[in-house]
Amino acid sequence: MGQFFEENDPDRKLKYRKRISSISTFSSEPFVYSEITRYMLGGTIKATLSDSPGYVLQFLRFGDGMQEEKVKTAGDWQEMVLAPGRNLLLPGEGYLIFITPAPKTGSDTKE
C-alpha cells in the first residue's frame with residue numbers, strides 16, 4: 001500500500017459497492033444471507049424485489065446480538081445501515097434478508 005498512500009495518511013480509505021443479483025424460488029430459499037469476513041468501518045445494504053408482487057423484504061442483522069434493524073425506503077429500494085459512519089463491523093457479523101408474503105390488509109381478506 002505504501003506505493004499508493006503515505007503510511008500515516010489519515011485520508012487513505014477504500015469505498016466500494018458490491019452488487020449481487022440472484023433469482024430464487026421463494027418456496028425453497030426465501031432468504032439472502034451474507035457474513036462479514038473482514039474488519040470494516042461502516043456498512044449499508046440496499047435491496048429490492050423486482051417482478052415479485054405480493055412479497056416484501058425483512059432485514060435481520062446478526063453478530064453483536066441478532067436484531068431487527070430500522071429500514072429506510074426510497075422508491076423500490078430498502079436500505080439498512082449495519083454500522084454507521086466509522087463504527088466497526090467485525091468478522092462474523094452480517095445480515096439476513098427474508099422474502100415473505102406481504103401482510104394481508106383488511107381490503108385483501110375475504111370473510
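**Exercise 1. Lys 72 and its partners**

Task: Classify Lys 72 as buried or exposed, and find which residues share a salt-bridge network with Lys 72.

Solution.
Step 1. Lys 72 has a relative accessible area of 53%. The cut-off for exposed is over 50%, so Lys 72 is exposed. The structure is a predicted model, and the percentage is computed from it.

Step 2. Lys 72 forms a salt bridge with Glu 79, with 3.4 Å between the closest N and O atoms. Through salt bridges that share partners, Lys 46, Lys 72 and Glu 79 become one network.

Step 3. The other contact of Glu 79 is a salt bridge with Lys 46, where the closest N and O atoms are 3.6 Å apart. Glu 79 belongs to strand β5 and Lys 46 to strand β2, so this pair ties together parts that are 33 residues apart in sequence. Lys 46 is partly exposed, at a relative accessible area of 48%.

Step 4. Lys 72 and Glu 79 are also bridge partners, with Glu 79 in β5. Four bridges join β4 to β5 (residues 77-89), and the two strands run antiparallel.

**Exercise 2. The remaining salt bridge**

Task: The structure holds three salt bridges. Which elements does the one between Arg 61 and Glu 93 tie together, and are these two residues buried or exposed?

Solution.
Step 1. In the pair Arg 61 and Glu 93, the closest N and O atoms are 2.8 Å apart.

Step 2. Arg 61 sits in strand β3 and Glu 93 in the loop between β5 and β6, so the salt bridge links parts 32 residues apart in sequence.

Step 3. Arg 61 and Glu 93 are both buried.

**Exercise 3. Strand order**

Task: The protein has six strands and zero helices. In what order do the strands stand in the open sheets, and which strands are at the edges?

Solution.
Step 1. One open sheet has three strands in the order β2-β5-β4, paired antiparallel. Its edge strands are β2 and β4 (71-74), each of which pairs on one side only. From one strand to the next, the twist averages 25 degrees.

Step 2. Another open sheet of three strands has the order β1-β6-β3, also with antiparallel pairing. Here β1 (31-35) and β3 are at the edges; each has a single partner strand, so one side of each has no neighbour in the sheet. The twist in this sheet averages 15 degrees from one strand to the next.

Step 3. The antiparallel pairing of β1 with β6 extends over five bridges. Ser 34 stands opposite Tyr 95 in β6.

**Exercise 4. Core and surface**

Task: Which element gives the largest share of the largest nonpolar core, and which residues form a nonpolar patch on the surface?

Solution.
Step 1. Of the 111 residues, 22% count as buried. The largest nonpolar core has 12 residues, among them Phe 26, Ile 45, Phe 59, Met 80 and Tyr 95.

Step 2. Two or more residues come from each of β2, β3 (55-62), β5 and β6 (94-101). The largest share, four residues, is from β5.

Step 3. On the surface, Tyr 39, Leu 41, Leu 88 and Leu 90 form a nonpolar patch with about 420 Å² of accessible area together. Leu 41 lies in strand β2 (residues 40-47) and counts as partly exposed, because its relative accessibility is 46%.

Key: Residues numbered from 1 in each chain as written. Predicted model: local features only at pLDDT ≥ 70, side-chain atom pairs only at ≥ 80, totals over all residues. Heavy atoms only, no water. Patch = residues over 30% accessible without salt bridge, like charges linked within 9 Å, V, L, I, M, F, W, Y side chains within 5 Å. Areas by Shrake-Rupley, 256 points an atom, 1.4 Å probe, with all protein chains shown as cover. Salt bridge = Lys/Arg side-chain N within 4 Å of Asp/Glu carboxyl O. Buried < 20%, exposed > 50% of the residue type's maximum accessible area, 1.4 Å probe, protein only. Pairing = 2+ DSSP bridges. Axes fitted to C-alpha atoms, helices over the stretch in contact; angles between N-to-C directions. Core = buried A, V, L, I, M, F, W, Y, C linked by side-chain atoms within 4.5 Å.
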